[in-house]
Amino acid sequence: MDTATVERFEAGRSRLASLAYRLLGSAADAEDVVQDAFLRWQAADRDRIEVPEAWLTKVVTNLSLDRLRSARARHERAAGAWLPEPLLDGDPMLGPADTVEQRESVTLAVLRLMEQLSPVERAVYVLREAFSYTHAEIADILDITESASQQHTHRARQRIAAGRHAGAADRASARRIVEAFVAAASSGRTEQLVALLTDDATAISDGAGLAAKLQVLRSPLQIARTLRSGFKPTAAKRRFVGAPVSIHAGVVNGAPAMVATTGDRVVGVVVLEVRDGKIAGFCGMAATHRLGRITEQWRRTEHPAPLIESW
């Protein structure tokens with residue numbers, strides 16, 4: 001391809017990656033889909049493509065749907081081992097973020113809620129809410145009718161709204177929330193943690209990738225006791241990590257987050273879902289295969305002083 005043709009694709013790469021990430025919840029899979037789209041763009045008869053952006057959007061959407069429908073994806077999600085891949089504030093794969101709907105569509109809470117949708121419902125919801133496509137455009141992308149697009153949108157909005165409790169957070173408010181959480185968790189006092197939680201708080205964790213299924217906690221007292229134990233430093237935990245750990249406040253997928261690092265490597269993330277000033281949900285991730293991209297972004301970003309210098 002000539003330089004102009006490559007540049008035309010590259011100009012839209014971030015938008016295509018953001019679309020694929022919202023559909024798949026995986027940055028690694030999103031990058032693979034965008035690369036596959038580039039190969040198709042390379043092989044296409046581009047003289048017959050009237051609107052390259054629309055053509056590429058259709059290709060990326062349908063490649064993403066193929067992955068969602070694959071046997072591997074169905075098995076992983078059905079086995080209860082799937083979580084979205086966390087992205088640090090400022091990652092271009094999170095964009096666009098101009099509207100409330102766009103920002104919410106990339107939170108871990110909404111990405112997890114979208115697992116309840118069929119692949120087509122998920123695609124319609126993302127195209128409509130995050131990218132503002134018309135029903136006519138969505139119908140063309142997915143080869144469905146406009147009426148079907150409207151029906152899918154209505155059902156998807158209902159399901160997402162029923163489970164959604166919190167919106168995105170700015171850096172200042174996120175830091176205040178994480179500071180309070182870290183102080184309570186490191187105090188060793190269960191009642192301080194319980195006081196921060198809603199009555200229906202839940203927590204989910206990948207167990208550092210050591211468990212076959214995700215670990216789920218469904219009561220404030222159980223969550224508080226588990227967090228208190230998890231925050232207690234031990235020689236065994238330090239040996240497992242292999243180096244001193246610093247605890248930082250951050251924003252991950254638009255939500256307040258505690259980021260644990262050793263050197264310039266992210267070794268754990270706890271994302272907080274906040275509702276009415278209290279914490280309604282925790283999502284903890286420490287499996288190395290989920291932390292590759294967030295580590296890359298962490299290395300490129302300047303950060304305030306850690307909340308805990310050496311844990």
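1. Two strands are said to pair if DSSP finds at least two bridges between them. In this predicted model, S1 and S6 run parallel and are joined by five bridges, and one partnership to look for links Thr202 with Gly281 in S6.

2. The pairing of S1 and S6 belongs to a wider arrangement, which is an open sheet of six strands in the order S2-S1-S6-S5-S4-S3, with mixed pairing. Strand S2 (215–217) and strand S3 (246–252) are the edge strands, each of them pairing on one side only, and from one strand to the next the twist averages 20 degrees. As general background, strands of a sheet pair through backbone hydrogen bonds, and they may do so in either a parallel or an antiparallel way.

3. Which residue stands opposite Glu273? It is Gly281 in S6, and Gly281 is also the bridge partner of Thr202. Strand S5 (residues 265–275) and strand S6 (residues 278–285) run antiparallel, with seven bridges joining them.

4. Turning to S1 and S2, these strands run antiparallel and are joined by three bridges, and in S2 it is Val216 that serves as the bridge partner of Ile204.

5. A helix should be considered together with the sheet, since helix H13 (residues 220–231) lies across strand S1 (197–205), S2, strand S4 (255–262) and S6. When you trace H13 in the structure, compare its direction with that of S1, to which the helix runs at about 50 degrees.

Notes
Residues are numbered from 1 along each chain as its sequence is written. This is a predicted model: local features need pLDDT of at least 70, side-chain atom pairs count only at pLDDT 80 or more; totals for chains, interfaces and linings use all residues. Side-chain values use heavy atoms; hydrogens and water are left out. Helices (H or I, at least four residues) and strands (E, at least two) are DSSP runs, numbered from the N terminus. Axes are lines fitted to C-alpha atoms, for helices over the stretch in contact, and angles run from 0 to 180 degrees between N-to-C directions. Contact means heavy atoms within 4.5 Å.
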